[in-house]
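User: I have a structure here and some labels that go with it. Please explain what stands behind each label.

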Amino acid sequence: PSAIYLKDYRPPAFLIERTELAFDLHEDRAIVEATLHLRRNSGVGAGEALVLHGQELELLWLALDGRELGEGEYSLAEDSLSIADVPDQFTLSSRCRIRPQDNTSLEGLYKSRTMFCTQCEAEGFRKITWYLDRPDVMAEFEVSIEAEKARYPVLLSNGNPVAAEDLGNGRHRARWHDPFPKPAYLFALVAGDLRSVDDSFTTRGGRQVSLRIFVEEKDLDKCDHAMISLKKSMRWDEEVYGREYDLDIFNIVAVDDFNMGAMENKSLNIFNSSCVLCSPETTTDKGFQTVEAIVAHEYFHNWSGNRVTCRDWFQLSLKEGFTVFRDAEFSADMGSRTVKRVEDATVMRTAQFAEDAGPMAHPVRPDSFIEISNFYTLTVYEKGAEVVRMIHTLLGPEAFRKGSDLYFERHDGQAVTCEDFVLAMEEASGTDLGQFRRWYAQAGTPLLSVGGDYDEDAQTYTLSVRQSTAPTPGQPEKQPLLIPLAVGLLGDAGNLPLQLEGEAPNVESEDNTHLVLKVTEAEQQFVFSGVRERPVPSLLRGFSAPVRLEYNYSREELCALMSRDDDGFVRWDAAQQLAISVLQEVEGQIREDQAARVDPLYLKACETLLQDTSLDPAMVAEMLRLPGEGYLAELAARRGGARVESIHLARETVLKALALHAEATWLEAYRRNVVNAPYAPVAGQIAARSLRNLSLEYLALAREEHIALARAQYASAGNMTDSLAALRVISQRGTDAQRDEALDDFYRRWQAEALVVNQWLQVQATVPGEGALARVQGLLQHEAFDLRNPNKVRSLVGGFANGNPLQFHRADGAGYRFHGEVIEALNTSNPQIAARLLAPLTRWRNYAAPQGAAMRTELERLAALPKLSPDVFEVLSKSLV
Ligand code: HT7
Ligand code: ZN
């Protein structure tokens, strides 16, 4: 497989104005007839041959302007069909046979349990018919679907239904028409025995939109939350972005076998059932929040993605970064803004920064790839959203809104680039984003090293800022970026007013205690005047940029920020930094065989926080949650190589010390945060459950008899959040007998609920101890496991690799070998999932011996296998350079 490059982009030589598709669905095959109304793209490649994309298609018939083409009149290669002499305007008709039942890649047309469904992004449409499968070719689609009526009573595609016929032979046909021209990646088809929950929404402009969520009959009671979320999203997009829905129907379909979370096909969103179905009995608070966010994300794509789409796949972040920013703001408006920001910053720091520091590092707008499916990454999505957020911060909300209005108006119906987005933002706001553009092109996480200097006599405080970005693959040299650095200065009695020397008085915030500095140089100083006392700098407020920030805080200064700064993110971040410095100290002691001593200052600060009932319990929980072992390993990688055992021991030691030190306070928090009202996934209840369940985790560590609390909670829980939290505690901290009893009981209770069983698989994957690998291996054969279902693979295999560090990183390498064998099997059946599962092994350079070498050995074994998919080949070859 070879790479393709952004610099080689050329507009398509042909355009498709109209696409007519006829599907004839059978139990052993599907016949697809396509008529494409093509014309040459004026001014591009005059006289060029027509080259269509296709994969795994059996061509039965081909005709140009109605005349069948003989074998000599076209040429078929592995993934393309070419016709040399074609007129400037013509129709091309084809008939193909495909086998959805055998399609385990879950791209193109496939069967998920009893239904037919499609996934075409990014390049799945070419597995359905010969086509110009690229996002800058946009056509109006007319679709007819024929299938057996009893098995597939519901036949859906994009746009509006235009006809439904009973064919009299047990089969029926439906016709659909989508008036909005779209690229093939937004095409969708569903055929199944589905029921729907129906509702409606009236747009601001008075359009009555019928909303339907299609599911299997047994899941009809799990659609309410998604429907409510959809209506909230539709209203929010009108209010915040002025964007209305544009058709009379909007359908969502839940499918069990799906590679990602959901897909924004025009008016027919297809969802992984785990991202749409919810009920208090079967879904955790986190699950409810995920459903709300993903429903919103896919809905928002109707404008940021569908009405205005990407010119090519290098521009993926144009739609994904922008849409993630939109859904994050929506979630912040629906719940707690600070908690949402902390959650997003955590994902960036623990996972995206790791991607940026690893062998697959790439810019938000990649400049080359072998397999585009490998680039649906945290960098394109989450860092892309942070880049849009920085534009929002630099421009301010009003100018940003003008920019988005201009972008949507100017490019409606077009396939455009990230540059077009930035241009619209620049033009509407009058802000020069010249240097800022580097965020799209430059990979890697910038490091901001900050120093502070207080001059008591002059009453000035100087922040010295240095920025640098380490080299990433293919980018040895890095340029300085424009980094919005939000700051405050914390004094004894609160945050101080800010005045930058030589600047007009700061009027940015009402109390003048918050300022966004624009860092543009490799080294830069900012001098604040009129500073009456030595302050503690409050830096990167609100996580104002996706950077690593270093400042040599004392532990006392971190305690001050943690308890008194007026920025919620900084308070949380100070708690994290304090925890990290204590954890690293304890790890050092362990490695040097000294007795571990956990700084009492830290323990006291945590207890004080826990005692403060005026704070949001959700924030208290986030602040008292220790960073995970995976993140600590990432940090250790920069300090000479991670040692999994000492990291684990250090974390356990600090957890236990904190559990014992504040035992009575944890117990009080556990009792205080009980929710007596009927379950609702609302901020207040979610916050209470979150702190209560964290308290339970600490209590179980403090004293064995507190396991009884977990067992009592498990027995009486009326919702999945509390039930699963208790099950986790029992499985992690209980005796073998207690764990087995609880796990068996849970399975017995929930075996009919696939999504709950997936949670059960994940809990089992994280059970500690020597027997963990054998347990996970055994579960591969369990009736509840199926290697063809990505959710199950993610729960069990992903859960083990990411959630059981000590056993995955066993010194004998058996964890890696097991992981590699699963990847080997998936390489043939589902390459996208195989490539994604490789991620933990690609971090081999972070680990000291013997782990690092054993991880590499497993990658080398995989790389030597015959017939690697392009997906797996790309990750392996880049990881082994
Ligand atoms: N735009 C959607 C991407 C997606 C996808 C990509 C590759 C393979 C399978 C996939 N399923 C969905 C999801 C989104 O960002 O909304
Ligand atoms: Zn998306």
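Analyst: The model is predicted, and the turns below go through its labels one by one.

User: What makes Trp 666, Ala 669 and Tyr 670 in helix 15 buried residues?

Analyst: The test for a buried residue is 20 or more other C-beta atoms within 10 Å of its own. In helix 15, residues 663-672, Trp 666, Ala 669 and Tyr 670 are classed as buried, so each of them meets that count.

User: How do you know that the buried residues line one face of helix 15?

Analyst: Looking down the axis of helix 15, the buried residues fall within an arc of 100°, and therefore they line one face. On the face turned away from the buried side sit Ala 664 and Arg 671, which are exposed. For these two the cut-off is 12 or fewer C-beta atoms.

User: Why are strand 4 and strand 8 called a pair?

Analyst: Two strands pair if there are at least two bridges between them. Strand 4 and strand 8 (residues 80-83) are joined by 4 bridges, so the condition is met. The two strands run antiparallel. In one of the bridges, Val 51 has Ser 82 of strand 8 as its partner.

User: Which residues lie on the covered face of strand 4, and which on the uncovered one?

Analyst: Strand 4 spans residues 50-53. Leu 50 and Leu 52 are on the covered face, while Val 51 and His 53 are on the uncovered face.

User: What makes a residue part of the shell around ligand 1?

Analyst: Its C-beta atom must lie within 6 Å of the ligand. There are 15 residues around ligand 1, and Glu 121, Asn 259, Met 260, Met 263 and Tyr 376 come nearest. Strand 20 (262-263) and helix 2 (285-300) are the elements that give two or more residues to this shell.

User: How is the shell around ligand 1 made up by class and by domain?

Analyst: By class, the shell has 5 nonpolar, 6 polar and 4 charged residues. Domain 1 (4-193) and domain 2 (309-441) each supply at least three residues to the shell.

User: Where does the name "Aminopeptidase N-like N-terminal" come from?

Analyst: The name comes from an unreviewed UniProt entry, which places this domain at residues 103-186. In the model, residues 103-186 are 0% helix and 51% strand. The same kind of record, also unreviewed, puts "Peptidase M1 membrane alanine aminopeptidase" at residues 229-439. That span is 55% helix and 9% strand.

Note on methods
Residues are numbered from 1 along each chain as its sequence is written. Chains are lettered from A and ligands numbered from 1 in the order in which they are written. This is a predicted model: local features need pLDDT of at least 70, side-chain atom pairs count only at pLDDT 80 or more; totals for chains, interfaces and linings use all residues. UniProt positions are given in the numbering used here, feature names are shortened, and annotations may be inferred rather than shown by experiment. Ala, Val, Leu, Ile, Met, Phe, Trp, Tyr, Cys and Pro count as nonpolar, Asp, Glu, Lys and Arg as charged, and the others, Gly among them, as polar. Domain bounds come from an automatic or database domain assignment. The arc is that of the directions from the helix axis to the C-beta atoms.
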